[in-house]
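Please open the structure in a viewer and keep the sequence panel visible beside it. The tour below proposes a series of selections and describes what each one shows.

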Amino acid sequence: MILVQDKLMEQKELHIGMEDRGYQFGDGIYEVIRIYNGCFFGMDEHLTRLERSARELQMSLPYAKDLLKKRLEDLAAVNNVKDGQVYLQVTRGVAERTHHFPDHADGVLIAYTKEAPRPYQKMADGIGVITTEDIRWLRCDIKSLNLLGNVLSKQKAKDAGCDEAILIRDGIVTEGSSSNVFIVKEGELVTHPADNLILNGITRNVLFKIAEESQLNVVEKKFGMDDLLNADEVMITSTTMEITPVVTIDGKPVQDGKPGPITKRLQEKFNLRIHEVQSVEN
Ligand code: DCS
């Protein structure tokens with residue numbers, strides 16, 4: 001079953017309008033929310049970010065957050081999702097094709113779930129990344145459907161046999177093509193400030209909390225390629241990749257090429273948090 005507006009239905013009943021602005025302009029927003037053992041992780045934070053994205057694009061959501069939360073829970077329950085995710089998107093709706101906003105259009109919301117195991121192997125072994133120029137627009141803080149810059153960067157990583165592309169704008173490390181980037185330097189975690197150049201990741205914010213619990217200082221400041229290449233540890237965070245160590249950058253190992261102790265400690269704390277959420281909800 002899938003969710004269309006506020007109704008659960010079979011996928012074959014879905015009709016997407018040819019002039020849906022999401023389809024024609026990428027004029028819409030989305031979220032990917034994780035489900036662990038049947039429980040949503042960070043649902044409120046994701047829906048708050050969805051509301052923010054809508055506001056920034058002067059879009060309105062078809063209905064209120066509380067009902068949306070309930071419908072997503074119904075969707076996950078009816079599909080009996082255990083470890084998986086929900087993909088949720090809202091477009092500005094269907095209207096005759098003009099670039100400017102239509103006078104009248106109702107937003108179109110769809111959501112579907114899928115089973116997705118946790119990326120255990122990558123979290124344990126670490127991943128290889130490439131660096132590439134950040135060619136995206138200047139509102140990367142909005143989780144919009146316009147993902148061509150991200151798509152092209154991720155493809156470049158895949159072509160190089162890597163799992164992620166780390167994006168560099170004017171010599172500064174912004175984020176990954178679908179993740180946030182952290183480095184460890186002299187016992188501190190450093191990551192790009194949450195301004196217009198990055199998406200303020202939900203996992204990024206979870207990392208802030210668990211770092212604080214571990215008496216680890218997190219500094220939001222800009223850092224460059226040299227800092228990245230000479231970091232003690234490098235990690236990426238995202239809903240799907242959780243906290244994953246980066247062990248090679250452009251083919252060169254990060255230190256000894258193995259996941260570092262601080263990354264491992266944070267991963268353990270993250271695991272505990274997932275279990276806490278489950279015991280609260282069950
Ligand atoms: N930066 C970008 C550009 C992203 O696309 C994502 C997540 C993140 C950071 C990390 O944010 P979260 O911690 O909130 O997930 N991208 C989602 C996506 O498109 N697929 O999975 C996650």
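The stops that follow proceed from the domains to the sheet, then to the helices and the ligand. The model is a predicted one.

**Stop 1: the two domains**

Begin by colouring residues 2-115 as domain 1 and residues 120-278 as domain 2, in accordance with the domain assignment of the protein. The centres of domain 1 and domain 2, taken over C-alpha atoms, are separated by 26 Å. Where the domains meet, 26 residues of domain 1 are in contact with 21 residues of domain 2.

**Stop 2: the open sheet**

Next, display the strands β1 to β6. In what order do the six strands of the open sheet lie? The order is β2-β1-β6-β5-β3-β4, and the pairing is antiparallel. Select residues 7-9 for β2 and residues 39-41 for β4: these strands stand at the edges with a single partner strand each, so one side of each is left without a neighbour in the sheet. On average, neighbouring strands of this sheet are turned by 25 degrees against each other, direction ignored.

**Stop 3: from strand to strand**

Now select β1, residues 2-4. Three bridges connect β1 with β2 in the antiparallel sense, and L3 has L8 in β2 as its bridge partner. Towards β6, β1 is joined by two bridges, and these two strands also run antiparallel. Here V4 has I110 of β6 as its bridge partner.

Keep I110 selected and add Q89, which stands opposite I110 in β6. Then show β5 and β6 together: how many bridges pair them? Eight bridges do so, in the antiparallel sense.

**Stop 4: the helices on the sheet**

Select residues 43-56, which form helix α2. Helix α2 lies across β3 (28-36), β4 and β5 (84-91), and runs at about 175 degrees to β3. Move on to helix α3, residues 65-78, which packs on the sheet. Helix α3 touches β1, β2, β3, β4, β5 and β6 (108-115), and its direction makes about 35 degrees with that of β6.

**Stop 5: the ligand**

Finally, centre the view on the ligand and display the residues around it. Which of the 20 residues around the ligand come nearest? They are Y30, E175, I202, T203 and T239.

Show the side chain of E175, where an N or O atom is 2.6 Å from a nitrogen atom of the ligand. For T239, an N or O atom of the side chain is 2.5 Å from an oxygen atom of the ligand. Add T240, which has a polar side-chain atom 3.4 Å from an oxygen atom of the ligand. The ligand taken alone exposes 480 Å², of which the protein buries 91%.

Key:
Residues are numbered from 1 along each chain as its sequence is written. This is a predicted model: local features need pLDDT of at least 70, side-chain atom pairs count only at pLDDT 80 or more; totals for chains, interfaces and linings use all residues. Side-chain values use heavy atoms; hydrogens and water are left out. Two strands pair if DSSP finds at least two bridges between them. Helices (H or I, at least four residues) and strands (E, at least two) are DSSP runs, numbered from the N terminus. Axes are lines fitted to C-alpha atoms, for helices over the stretch in contact, and angles run from 0 to 180 degrees between N-to-C directions. Contact means heavy atoms within 4.5 Å. A residue is near a molecule or strand if one of its heavy atoms lies within 4 Å of it. A polar contact is a pair of N or O atoms within 3.5 Å; within protein, one must be able to donate a hydrogen and the other to accept it, and residues adjacent in sequence count only if both atoms are side-chain atoms. Accessible areas come from the Shrake-Rupley method with a 1.4 Å probe; for residues, only the protein chains shown count as cover. Domain bounds come from an automatic or database domain assignment.
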